[in-house]
Structures are given as structure tokens and as C-alpha cells.
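User: I'd like a close look at one part of this protein, and I'd rather have a connected walk-through than a list. Here's what I'm looking at.

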Amino acid sequence: MTHQYDIKGMHCASCSQVIEMTLAKVAGIKKITSNYASEKASIEFVDKPLSLDVINGYIRPYGYELVEISKDTLSKEAELRVKKIQVLVSLPIALIVFIYMLLGIELVPMETYNLILFILSIFFMIFLSKPYLLGVVRFVRYRVANMDTLVGIGVFTSFIFSTLILFFPSIRDSLKLPLITYFDVTIVVLSFINLGKYLESNSKQKTGEAIKKLIGLQSKTAIIEKDGKEVEVMIGLVNINDIVIVKPGTKIPVDGEIVFGTSSIDTSMITGESIPQDKAIGDKVIGGTINKQGYLKIKALKLGSESTLSQIIKLVENAENSKAPVQKFADKISSIFVPAVLIISVVSLIAWLTIAPQFMPFSSALSNGILCFVGVLVIACPCALGLATPTAIIVGVGKGATNGILIKNAESLEKLHKVDTLITDKTGTLTKGKPELTYQKTYKDNKLGLKENEILEILASLENNSEHPISKAITSYAKTNSIKLIKTTDFINLEGKGISGTINGNKYYACNTKLAEELKVEFDSKYINELTSEGKTPILLTTSNEILGIFAVSDSLKTNAKETIEELHKLGIKVILVTGDHKNTAEYISKQVGIDEVYSETHPKDKLEIIKKLQLEGKFVAMAGDGINDAPALAGSNVGISMSTGSDIAIESSDITLLDGDIGKITKAIKLSKMTMNTIKQNLFWAFVYNIIGIPLAAGLFFPIFGILLNPAFAGLAMALSSVSVVTNSLRLKIQKL
């Protein structure tokens, strides 16, 4: 049993490690995953869920608290508003101090200036430093350190040192120190770090916009038909089988089936398809989509958590909060990062106090040592490292959702970019999954003098009496093309041969070649052979003594199937068709779209064996199927991709679900995976480079060679910008074209 919670008090990547290590030891908790980017925790319990009071009892001493997701939305917005106010108040003052520091001029006497800075730094300590000083307290009490601890020790050290220098001249004189204070460091560092936290929080909210948009699609009210009247009710009061009225231009509130009316439905926010879909009586519709023009009556079939939209939201939330394998490396580094930085900062201070005095006055060595001690603590923030992977995953999963690509977890998104072989099913994947009338040849020189449209009317009228899938394909064609139906009498279903009936006094047959031969009706077998070689099912329309037409029904290719295979080839992916269909049909389809290899007349277990064989050859295999009869193959592949339509989403059977069964989304999904992984690599690269350069620079390692010493104020600015740059780089995914 897994539950998700919002986390309060989370300030950095190391916070995530503290929460996970603490709760992983709690009896009753099987697995805990916390995500710094989304500030959410996912807890899998051994049996029944532990109460929040019990859970929080373990982590509250460290400054963290779990809350129900639905209850924390307003508090997050309030927290962001507080940060914004802090920035608006503190940043102008800090910028003036920063510029004054850079210019190095004296507009007022040094003692007066130091006094002004002392008063300002007290204000900043009261106004901004609470979380950082609490981090120091928790470190002392519980030996748990995070980014707040580093910043807290840094600003507290600079403030205490400066206060001693300013108000205790005897200490200053005994150490031969000039009247130089670092109150400006306290002010500027606190302000810049607070600015970084605000920008980071604001950016992180944008990474999860896909969820907000999906939640925003959920209707709050619905109009139901009750006792012949239209009654508006809250969505929670709608019951299964209620008739819901949907007027033109309004949102469809529930998953259901149209029982009255026709319309075009805008499904773009859920499926990513920009062109509205035509819907009529009997068609299924998804709650959250937009009714463009018609007046509809819909029978409610799925409500609340069972609805398609709710399933999608849950899937996206789970995926956003899951961890990709690449993140484990970053998490491991983050977990040892803070203790390592504390050691480096102390070592740098000791080095300045013991080695530097041999080359410079002790007062200068002490001043430089304090600056380096504070600088290392401030610049060495693990936030950029901790944000590198999850922010990219959140944006990637969200971008997928808005394009009709549902990704089950972060691991699936990561694995997809490695795929070099795609196995695809035929029916419902490459083809539309339902038979259509795809060929017709009529004989106008018949004895009855029937014209082409009259022959089609007779065929459709006959087939309208049958429930066979082939008959449905013909009647569907007739409906679409406004072919009128004629009354049929003496209808007979001739098992295994066809159907017959009387229309306008004449008896007609819609049959296969076997019955035509029995009737001794002559027909050109070359047309029949051509049709069967292409995987089509021929239907002959005859009287008792002559043929009127040859028709064929087949499962036609999806319009973008060929284009998709070409795109996959450009991505370096080999495409293999594995189908249970006849060899002729499989080969004909493969030639049409450019498939590399074909396996026909296979069973579900055969598909799995083919996948295992390819994997033993070192191939990284994705399987695309309908998510139901291909379940063994989907589960056995490296990445399972299910084709899904409308409200019937086979989410659980695969790693990736493509809404509306659009095969074109396979290439988009692979491109999305590649783009997301590239973004993660860029983020990790810059996060590592930043720390590899920043920490030695702040520690004063470059001072003996280049005379460069980093002021902690610049360290604070650099730290803030590093986190913001990582989140901003992840947000670039939103504007990249799939």
C-alpha cells in the first residue's frame, strides 16, 4: 500500500536524504522515496498506513513534516508569497551594500559604516536567518546537517567575528586585526541565498504545471437529466448511468457514452491531438474534453478516481515523484556532500591559520581564513546536484502527458532512450484495429440494370441485418457515405458462407467464393487472389445466377504508420513486426510501411520468446502492443509501450501508454526520452563543474598562484544562480519540439 504526501521544511537535496534515511528505519514502512524537486514523499507501507503523527514524530525534530497532499496547496502558495516579500524588502538593501563593497569607497567614516552594517545585519538575521540558524541547532543536537546548516554556520560565524572586532577592541588589538568587519557578507549572503530560494521555488512550481493543468480539467459541476428536467449538481452527486447534458462549447464532466446527439470533441489537453474528433451515438467520451458544437446526452460510466482523467493524474504524479536510476548516483553524492563540505571548510580555516602566517601577517591570514571558511560553506550547496535529475524528469513527464504520452515512472523514461529495436504488433498498433470497406468493384452491365449506387444500397441493406464484424464495416461505410438502406425480407444467415435476403422482390447473396461456386455464379478469381494476398477479406454480391460486385474488408493502416517507421529508422531503431495474422497479410503490411523483419502466425508466448532471443543478442527491446493480449511481451520487454484509445486505458500493462492509439507518439516518446536524458546530463555536468571549481576557489586554493580570493558574498550569489540555472535548463524542455 503506497501513499503520497507533501513535505514541509524541505530546503535542499540533502534534506531528501535525511528524510529517507530516518523513515527507512521505521517499523511498518517498507520503502520511502522523497523528491526535492516536487517536495513530495511516496511511502510504501508493510501493512496498513502509519498515522501522520507517528511518521512526523520521527522527522519533526529535524525540521520536516509530512502533510496530506490535498491540504497543503494553500500553504505552499503562502510560503512563496512570504519569500517574495522577503526578497522585495531585503534585495534593494543588499544590492546597495554589495555595490558599496565592490567600489571600496568611504562615503562615511569606517566606524559609522560598521555600526550601520551591524544594525542592518541584526535586521537580516531576524528577518531571514531563522531556517539557517535552526539548521545549526539541529546539527548540534542531532548531528544532522543540510544546506541550511552550512549557510547558518557561515553567516553566524561572519556575524560573531565581526561583532567581536567592532565591540571588543582588546581582542582586535591582541590579534593585530584592522577594523574590517564582515557584516556586509552576512547581509549579502542571506539576501542572495533567499533570492535564489525564491527563484528556485517559483521555477519548481512551473515544472509541475502539467499536473495543475490536468487537475484544472476536472469539472466541479454537471447538468443531469432528472424527471425530464435539466438539473445542475456538484460533480460528486453524479451517479453511474445518470444522463449528463453537455451543451456546445462546454466541458464534458464525466467519462461516458453518447446516447443522443453528434459533435466534434476537442481532446487536445488529454491526448495531445489538435484536431477535434467526430463523435456520435454509441461513441465513448472522456471527462475533461471539450464539446465543440453539438448538444449531447451522455450516460455516465466512470466517475471520480475511476475516470480516465483521474487515472492520468495519478500516473503522472507517480511518475514525477519516482526516481530514475541516474538519480541514485546524484543522491549518493548529495548524502555525503554536506559532511564533506564541513570538513573542507574546517581544513581550509586550519590551513590559513597554520600555513599562511609563514607568508603573511597573522591578522591577514585570520581574515582570509574566516572569509574562506564562510565562502566554502556558502558556495558548496548540493541543491543544484539534487535538482539536476528530478526537475528534468518532472518537466519531461509533464510534457509527455500534454502530448498524450503517459509515462509510468522515471525509470521508463530513462530506459526509452536506449532502445535500438522495436517489436510491434499489427492489429490496433500499425492498423486501426477494426475492419473497414477498403475495396469495391461493381458490374454495371448486369441483367437487372442496377447502377453502382443501387448495388451498394443492396449490399448495405443485406449486411445491416447481420451482427458480424464484416457486416458492421459495410454498414458503417454506408452510414458515413449516406447510402440509403432498403427493407430486406427473408433474411438468412448462411453459416460459414455468407448471408441472403430478398429486396424489392429479388433474392441477393453477400457471400464468399465457396457459396458463389455452389450457386454456379461466375467471377474473376484474379481479383479474389489479389485481395487475399493483401490480407483483405473478399465479399461477393450476387443474385442466384450472376455477380453484381466484388468488395473487400480489411483492417487498414493508420495514416501515419509509414511515416512513423521512417522516423524510427532515422533514430537508428530496427522495427520488427510480430503478429498472429496470416503470412500474406503480415508481409503485405510490412512492405507498405517498410518493416525490417516479419514474424507471422505467432502466439503471445512466441512474441515473448522472440524478445528474449533479441535481448540475449544484446538488443535493447521496446514492445508496442494493445496492452491486453500482448501483456506477456510488454512485461518481458525492456520498455513496454501500450496503444490505448479513449477511456479504455491499459495503463497497468506497460511502461508507456500512448493515448488514442497513435503510433506516431512512439517516435515522440523516444525523442522525449533522449531530450530529457540530455538535459539531465547537462544539469549534472554543470552542477559538478560548479562545485569542482567553486569549492577550491572559495577555500583559497588559487590564492598562492593567482592571488584570487572569493568573497562569500559572490559565493552566495553563485550558489543561488547555480540552482536557478539547473531548474531553468530543465524548463527548456517545455519549448523543445518533439
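Which helices each supply at least two residues of the nonpolar patch?

Analyst: Keep in mind that this is a predicted model. The helices you're after are H4 (110–128) and H6 (147–167), each supplying at least two residues of the nonpolar patch. H6 gives the most, with 4 residues. The patch sits on the surface and is formed by Leu115, Ile119, Phe156, Ile160, Leu164, Phe167, Phe168 and Ile171. Together these side chains and their residues come to about 670 Å² of accessible area.

Take Leu164 as one of the patch members. Leu164 lies in helix H6, and its relative accessible area is 34%. That makes Leu164 partly exposed, because the value falls between the 20% limit for buried and the 50% limit for exposed.

For contrast, here's the inside of the protein. The largest nonpolar core has 153 residues, and Leu23, Ile43, Leu66, Ile641 and Ile666 have the most contacts inside it. Helix H25 (residues 664–699) gives the most to this core, with 14 residues. There's also a second, separate core of 21 residues, which includes Leu450, Ala478, Ile539 and Leu548.

Back in the largest core, Leu66 is a good residue to click on. Leaving out residues up to four places away in sequence, Leu66 touches Tyr5, Asp6, Ile7, Leu23, Ala41, Ile43, Leu52, Ile55, Asn56 and Ile59. Two of those partners, Leu23 and Ile43, are also on the list of residues with the most contacts inside the core.

Terms used. Residues are numbered from 1 along each chain as its sequence is written. This is a predicted model: local features need pLDDT of at least 70, side-chain atom pairs count only at pLDDT 80 or more; totals for chains, interfaces and linings use all residues. Side-chain values use heavy atoms; hydrogens and water are left out. A nonpolar core is a set of buried Ala, Val, Leu, Ile, Met, Phe, Trp, Tyr and Cys residues joined through side-chain atoms within 4.5 Å. Buried means under 20% relative accessible area, exposed over 50%, partly exposed in between (1.4 Å probe, protein chains only). Contact means heavy atoms within 4.5 Å. Patches are made of residues with over 30% relative accessible area and no salt bridge: like charges are joined within 9 Å, nonpolar side chains (Val, Leu, Ile, Met, Phe, Trp, Tyr) within 5 Å. Accessible areas come from the Shrake-Rupley method with a 1.4 Å probe; for residues, only the protein chains shown count as cover. A salt bridge is a side-chain nitrogen of Lys or Arg within 4 Å of a carboxyl oxygen of Asp or Glu.
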